[in-house]
Amino acid sequence: MAELLVGELRRRIAEHQAPWAVNDLLGDDEPIRPMPLGLATSEQLLKAEDVEQVNLSEVLEQAANPLLQRRRIAYGFVETETRPQTVGLPTARIRPSSVDWRNRWGWPWITKVQAQQPCMSCWAFPATGVVETMARIEHAVWVKRSEGDVRDGIGLSCGTGSTPQAALDWMCDHGVCDPGCWPYTVPPEGTRPEDIFPWRATYQPCPDRNGRTVRIGNYEQLGDTEQQKVWLDTVGPLAACFDVYDDFVVYGTGVYRKMPGATPLGGHCVLIVGYDDVAGCWIFKNSWGPRWGDGGFGRIAYGEVKIDDLAKCGLHGTNVDPWTKRRLHGGNLIESSNGPGHRNFEMLATAGGGQVRHWWREGSGAMDWAKASTFGSDAVVCPTLTATTYNGNFEAVWLTTTGRLRHFWFDQATDRWNDGGLFGPIDAAGIPAFIQSNYYGVPNYFEVVVRTADGRLNHWWRDPTRQWHDGRRFAVNVLHSGPTLVQTRERTTLEIVCVLADGRMQSWRCDDIVIGHPDRPSFWKPGEIFGSGVSSPPCMIEGQFGAVDEDTAGNYELCVAVGDRVEHWWRDNQGLSGWHRSAVFGHDVHSVVGLVEGSFGFNLEVIVLRADNRLQHYWRDRTGWHEGPVIGPA
Amino acid sequence: MEREQQRILLKPGESHTLRLPSRGPAGYDWILTLEGDESAVDVLRSAALSPGMSAPPLSPGQGIDQLFTVLAVSSGHVVIRFEQRLPFEPEEPPVDERVLDVTVEEG
C-alpha cells in the first residue's frame with residue numbers, strides 16, 4: 001500500500017524543520033497520500049503582477065475609528081486633523097512588523113469561524129468576511145452576513161466554484177443580508193453524494209431584505225504584497241486564493257509550507273486577517289469550521305502555494321443596515337446610513353406648538369448640526385426614534401397632548417414624514433420606549449412601553465398587519481418610563497428600566513414567549529433595583545462593550561439625569577454582576593433624551609435636554625466624557 | 001449511505017483505476033481503509049489532469065478529481081473502503097463512500 005501516513009508526515013515536518021504541525025486531532029496512522037501537480041490558472045482571477053498599485057491617498061478617507069485614523073495619518077494617506085478623538089494616540093511612521101485583526105487595540109474584529117461544509121462555496125466566505133470585518137472596523141458593531149445570500153443570489157449550485165471578486169461584484173449591486181433574512185444552507189442530510197454538487201437553493205430572501213442589507217462601495221484589488229500589508233494596517237482584511245494540497249487539510253498550528261510530494265486537491269480562498277513579518281506569514285481565517293487548524297485560523301508562509309500570485313481583494317465604505325444597529329441607539333437620536341461616511345446622526349426634538357423638528361449631523365467634516373423638516377402638532381416630549389427594516393425608514397413615537405401615543409414615519413423613498421396615527425392607552429403619561437423586534441423570529445413587530453397615569457407601565461405591540469395591540473400593564477409606583485427598551489442579542493427577551501416613585505430605578509424583563517397566542521400576552525418580571533435620587537426618564541442601549549463576538553450580548557449602557565448632572569450606569573450582561581455607576585458628568589441638565597454608540601470607535605454619544613430647554617451633545621471616548629456643543633432649542 | 005460494492009478480479013500485474021470527485025476546497029479528503037490481504041495490492045493515487053494543463057493556481061472552489069489505481073501484487077482478497085470526510089472531524093459521517101472488493105488470482 002503506497003500511501004503516506006500522518007505519522008510519516010509528522011516525521012518529515014520534523015526532518016525538514018518545517019515550522020508547522022499537523023492537527024492534534026489526527027492519529028499517526030491516518031493516511032495522507034502523495035500526488036503530482038494541478039490545473040490551469042483561473043482566468044477569472046487577476047494575477048498579482050498584472051495589478052497596478054492603488055493610490056491609497058486617493059482611495060482612503062478620514063476614518064471614524066480614531067485608532068485607524070492615526071494609522072492613515074502616519075502614512076500620510078489622510079491629512080493630520082485635530083479631532084479630539086485622535087489627539088494623543090501613537091503615530092508610528094513605519095509599518096508594524098505584524099497586524100492581527102483578531103485582537104487589535106484590545107478589541108476583537110473578526111466574526112466567528114464558519115463551515116462551508118460539503119459545498120465548494122469557499123469563495124463566498126472571504127468575500128462575506130471582508131464585508132463583516134470592514135463594517136465592524138468602520139462602524140464599531142458586530143455584523144454577521146450570509147454567505148448563502150451571495151451564492152444563492154448569484155444562482156450558483158453547491159458544487160460550483162467562483163471567486164471572491166465575483167461575490168463582491170454581486171454585493172456591489174445588491175449588498176448582502178443577514179442570515180435571518182436568507183441563510184447559508186447545504187444539501188439536506190441524506191442527499192445522495194452525486195446530488196450534492198448539483199443541489200441549488202431556490203433564492204427567496206425575506207421581503208424586507210432591503211432594510212437588513214449591508215451595502216458596499218467599490219472594492220480594490222491589490223497585487224503588491226507590501227501594499228497588501230499596508231492595507232491590512234490601515235484599512236482591514238483581504239480575500240485571497242491559493243492552491244490546496246492534502247497536507248494543508250490536516251494543518252494544525254505554525255506556519256504552513258507545502259511539504260515535498262504533497263498532493264493538490266483544488267483551489268481555495270480565505271480571509272487574510274493579518275501578517276507577521278517575523279514569522280514570514282499571512283494570518284488567515286478559513287471556512288472549514290473551528291476544529292480545523294488553530295481554532296479555524298491558520299498561518300501560511302509568504303508566497304507559499306501561490307498565495308501571492310493572485311490579486312487580493314479589500315474594500316471600505318461599508319453602509320450598515322438599521323437592523324444591525326438596532327440595539328445601539330435609544331431615545332431621540334440614531335446613527336443613520338446617510339452621509340458619505342454612512343454615519344450621520346438623526347435627531348428628533350420638540351419645536352414648539354406640538355411640532356417635531358428633525359435635526360441631523362454629518363458624520364464627517366465639520367460635524368455641525370443642521371435643521372431639517374418639522375412635522376406633527378401634538379408632541380409634548382422629544383420623540384423616541386428608530387430606523388427599521390422597512391426600507392430603512394425612520395419611525396418615531398411620542399406622547400401626545402391628549403395622553404395618547406402617536407406614530408410618525410419617514411419614507412426613505414419620498415423623503416417625507418408621514419403620520420402613522422394614534423394608538424396606545426388613553427392615559428399615557430411618560431416617555432415611550434419604542435423598538436422594532438423579532439419576537440417571533442422575523443422583525444415584523446413594533447414594541448412600545450410607556451408609563452400610564454396610574455403609575456404603571458403599559459406594553460403595546462404592533463403586528464405585521466400594522467394593527468396595534470394592548471399587551472398588559474405591569475409594575476407599580478412608576479414615576480418615569482423612558483427609551484430603555486432593548487431586545488437582547490442572545491435571547492428574544494425584552495428588557496426595560498423605569499424610575500420608581502422613590503427615585504430608584506428598576507429593570508424589568510419579558511421572556512415568556514407565547515407563540516401562536518392570538519393576544520400574544522406579555523409576562524414581565526421585576527429585576528434589580530439600583531440608583532437613587534432619580535427624577536427624570538433614563539435612556540438605555542445594549543452596546544458593544546462586553547460583546548466578544550457577534551452572538552454575545554454586550555453591556556447595557558444607561559444614562560439618566562440626577563440633579564442637574566448625568567449619571568452613566570452599565571450592566572455586564574456576561575458576568576451578570578449587576579448595575580454599576582461609572583461616571584457623573586455634565587451640568588444644567590434637565591433630562592437625557594438620546595443615547596447612541598456609533599461608528600466613532602465605540603464612543604458613547606448622549607443628547608441632553610438642558611434646564612434652559614436647549615439640546616446639548618456629550619460624548620465619551622477612551623479618555624472619558626466630553627462636553628459637546630449646545631445644538632439648539634427643543 | 002454505503003454504496004454497492006464494486007467487485008473486480010485481477011491477475012498479478014494488472015490494475016484497475018477508480019476516479020473519484022474531489023471536495024478538497026471544502027476541506028474534504030478521501031480516506032482509505034483496507035480489510036483482508038493488504039499485501040495483495042498496492043493503491044496509487046494521482047490527480048486527474050487533462051492534457052496540456054499547466055501548474056496551479058487553481059480556480060477557487062474547483063476540485064481535482066482523484067484517481068486511485070489498484071495494482072494487483074499477489075493472490076489474495078482485499079476490501080478497499082473509500083470515505084470522503086473532513087479529516088479533522090473524524091466522528092462526522094462521510095459525505096461519500098465507495099467500496100471496492102478486489103480478488104487477485106494467479107492466471
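Student: Why does Lys306(A) count as partly exposed?

Tutor: Bear in mind that this is a predicted model. Lys306(A) has 19 C-beta neighbours inside 10 Å. A buried residue needs 20 or more, and an exposed one has 12 or fewer. The value 19 lies in between, therefore Lys306(A) is called partly exposed.

Student: Where does Lys306(A) sit in chain A, and what is its phi?

Tutor: Lys306(A) belongs to the loop that joins strand 12 (297-301) to strand 13 of chain A. Its phi is near 65°, which is a positive value in a residue other than glycine.

Student: What makes Asn613(A) exposed?

Tutor: For Asn613(A), 12 other C-beta atoms fall within 10 Å. The limit for an exposed residue is 12 or fewer, so Asn613(A) meets it. Asn613(A) lies in the loop between strand 37 (604-610) and strand 38 (614-621) of chain A. Its phi is positive, about 65°, although Asn613(A) is not a glycine.

Student: Why is Val43(B) called buried?

Tutor: Val43(B) has 22 other C-beta atoms within 10 Å. Buried requires 20 or more, so the value 22 qualifies Val43(B). Val43(B) is part of strand 4 (residues 41-47) of chain B. Leu32(B) is 11 residues away from Val43(B) in sequence and 9.5 Å away in space, C-alpha to C-alpha.

Student: What is the make-up of chain B as a whole?

Tutor: Chain B has 0 helices and 7 strands. Read from the N terminus, the order of its elements is β-β-β-β-β-β-β. Chain B holds 107 residues, of which 37% count as buried. Among contacts in chain B with a separation of 6 or more, 80% are between residues 24 or more positions apart.

Student: How many domains does chain A have, and how do you know that they touch?

Tutor: Chain A is divided into domain 1 (4-315) and domain 2 (326-633). Their centres, taken over C-alpha atoms, are separated by 37 Å. As for touching, 21 residues of domain 1 of chain A are in contact with 22 residues of domain 2 of chain A. On the domain 1 side, helix 3 (66-75) and helix 4 of chain A are the elements that give two or more residues.

Student: How do you know that the largest nonpolar core lies between the domains of chain A?

Tutor: This core has 170 residues, and Val592(A) and Val608(A) touch the most other members. Helix 4 (residues 124-139) of chain A supplies the largest share, 8 residues. Domain 1 and domain 2 of chain A both give residues to this core, so it lies between them. A second core, separate from this one, has 13 residues, among them Val43(B), Phe68(B), Val102(B) and Val104(B).

Student: Which residues does Val608(A) contact beyond its neighbours in sequence?

Tutor: Leaving aside neighbours within four places in sequence, the contacts of Val608(A) include Ala561(A), Val566(A), Val592(A) and Tyr618(A).

Student: Why is helix 4 of chain A called oblique to helix 6 of chain A?

Tutor: Helix 4 and helix 6 (residues 164-174) of chain A pack at about 50°, with axes 8 Å apart. Roughly parallel needs an angle under 35 degrees and roughly perpendicular 65 to 115, so about 50° makes helix 4 of chain A oblique to helix 6 of chain A. The residues in contact include Ala124(A) and Val131(A) from helix 4 of chain A, and Leu168(A) and Met171(A) from helix 6 of chain A. Helix 4 of chain A passes helix 6 of chain A in a right-handed crossing.

Student: What makes helix 4 of chain A oblique to helix 5 of chain A?

Tutor: The axes of helix 4 and helix 5 (residues 147-154) of chain A cross at roughly 125° and come within 9 Å. That angle is outside 65 to 115 and not over 145, so helix 4 of chain A is oblique to helix 5 of chain A. This crossing is right-handed.

Student: And why is helix 3 of chain A oblique to helix 8 of chain A, rather than antiparallel?

Tutor: Helix 3 and helix 8 (residues 225-234) of chain A cross at roughly 140°, and their axes come within 8 Å. Roughly antiparallel requires over 145 degrees, so this pair counts as oblique. Among the residues in contact are Leu68(A) and Tyr75(A) of helix 3 of chain A and Val230(A) of helix 8 of chain A.

Methods: Residues are numbered from 1 along each chain as its sequence is written. Chains are lettered from A and ligands numbered from 1 in the order in which they are written. This is a predicted model: local features need pLDDT of at least 70, side-chain atom pairs count only at pLDDT 80 or more; totals for chains, interfaces and linings use all residues. Helices (H or I, at least four residues) and strands (E, at least two) are DSSP runs, numbered from the N terminus. A nonpolar core is a set of buried Ala, Val, Leu, Ile, Met, Phe, Trp, Tyr and Cys residues joined through C-beta atoms within 7 Å. Domain bounds come from an automatic or database domain assignment. Two residues are in contact if their C-beta atoms, placed from the backbone, lie within 7 Å. Axes are lines fitted to C-alpha atoms, for helices over the stretch in contact, and angles run from 0 to 180 degrees between N-to-C directions. A crossing is left-handed if the near helix is turned anticlockwise from the far one by less than a right angle, and right-handed if clockwise.
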